[in-house]
Amino acid sequence: MLQALSANLKPQGVQIVLVSVDEPKDEAKAQSFLKDNGITLKSYLVEGSVADFKVAINPSWPGMLPASFLFDRSARLIHFWGGEAFENEIVPVVESFLAGKAVEAETRFGLAPGKVNP
């Protein structure tokens, strides 16, 4: 889904990147997974402390995976999806952001169905 979403949003200046929190020893497995599934998105593997990474990305992120983050051009976190997010949940937020609307919020799936925490 992210691969297709990337192709659709790229003309609007949106770049989707993947970040793996797998152990460094599992990097080959992660790369194999991407290749086997035809994923060509830019991808990274967290080096160092995953705890430090989580705090740097979003201090209120409890660490659930998957997680998705929308950052603006200045690397400011705009929206956070904690848990699995689908295209119909991501696209409206991104489109609203691109239209200049305020979308700063956190959507945490699994805490309460459909609950958005501003």
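In which loop does P24 lie? In this predicted model, P24 is placed in the loop between β1 and α2. P24 is exposed, with a relative accessible area of 52%, a value that counts as exposed because the cut-off is over 50%. Although P24 and L45 are 21 residues apart in sequence, their C-alpha atoms are 7.4 Å apart in space.

The strand that comes before this loop, β1, covers residues 17–20. The two faces of β1 differ in cover: L18 and S20 make up the covered face, while V17 and V19 make up the uncovered one. β1 runs parallel to β2, and four bridges join the two strands. One residue of the covered face, L18, has S43 as its bridge partner in β2.

Helix α1 spans residues 2–9. Its buried residues are L5, S6 and L9. These cover an arc of only 105° around the axis, and therefore lie on the same side of α1. In an α-helix there are 3.6 residues a turn, so residues three or four places apart point the same way. The element against which the buried residues of α1 pack is α4, a helix of residues 87–98.

A second group of paired strands involves β3, β4 and β5. β3, residues 67–71, is joined to β4 by five bridges, and these two strands run antiparallel. Within this pairing, L70 has H79 as its bridge partner in β4. Strand β4 consists of residues 77–82 and is mostly covered, with five of its six residues buried. β4 also pairs with β5, residues 105–108, in the parallel sense over four bridges. Here the bridge partner of G82 is R108 in β5. β5 is covered on both faces: A105 and T107 are buried on one side, and E106 and R108 are buried on the other.

S68 belongs to strand β3. With a relative accessible area of 18%, S68 is buried, because the term applies under 20%. When neighbours within four places in sequence are left aside, the residues in contact with S68 are H79, F80, W81 and A85. H79 is also the bridge partner of L70.

The link between β3 and β4 is a hairpin with five residues between the strands. Two residues of this loop, R73 and A75, may be described further. R73 is exposed, with a relative accessible area of 80%. R73 and G13 are 60 residues apart in sequence, but the distance from C-alpha to C-alpha is 9.8 Å. A75 is likewise exposed, at a relative accessible area of 57%. A75 is not a glycine, yet it has a positive phi of about 70°.

A further backbone feature is found at L65 and P66, which are joined by a cis peptide bond with omega of about 0°. P66 sits in the loop between α3 and β3. As background to both backbone features, most residues other than glycine have a negative phi, and most peptide bonds are trans.

The largest pocket holds about 1700 Å³ of space. Its lining is made up of 49 residues, and those that lie nearest the centre of the pocket are L2, I16, V17, L18 and V19. Several elements give two or more residues to this lining: the helices α1, α2 (27–36), α3 (50–57) and α4, together with the strands β1, β2 (42–45) and β3. By class, 35 of the lining residues are nonpolar, nine are polar and five are charged. Of the residues nearest the pocket centre, V17 and V19 belong to the uncovered face of β1, and L18 belongs to the covered one.

How values were computed
Residues are numbered from 1 along each chain as its sequence is written. This is a predicted model: local features need pLDDT of at least 70, side-chain atom pairs count only at pLDDT 80 or more; totals for chains, interfaces and linings use all residues. Side-chain values use heavy atoms; hydrogens and water are left out. On a 1 Å grid over the protein atoms alone, a cavity is a set of points where a 1.4 Å probe fits but cannot get out, and a pocket is an open set with protein on both sides within 12 Å along at least five of seven lines; lining residues have an atom within 4 Å of a point. Grid points are joined across faces, edges and corners, and a volume is the space filled by probe spheres set on the points. Ala, Val, Leu, Ile, Met, Phe, Trp, Tyr, Cys and Pro count as nonpolar, Asp, Glu, Lys and Arg as charged, and the others, Gly among them, as polar. Buried means under 20% relative accessible area, exposed over 50%, partly exposed in between (1.4 Å probe, protein chains only). The arc is that of the directions from the helix axis to the C-beta atoms. Contact means heavy atoms within 4.5 Å. Two strands pair if DSSP finds at least two bridges between them.
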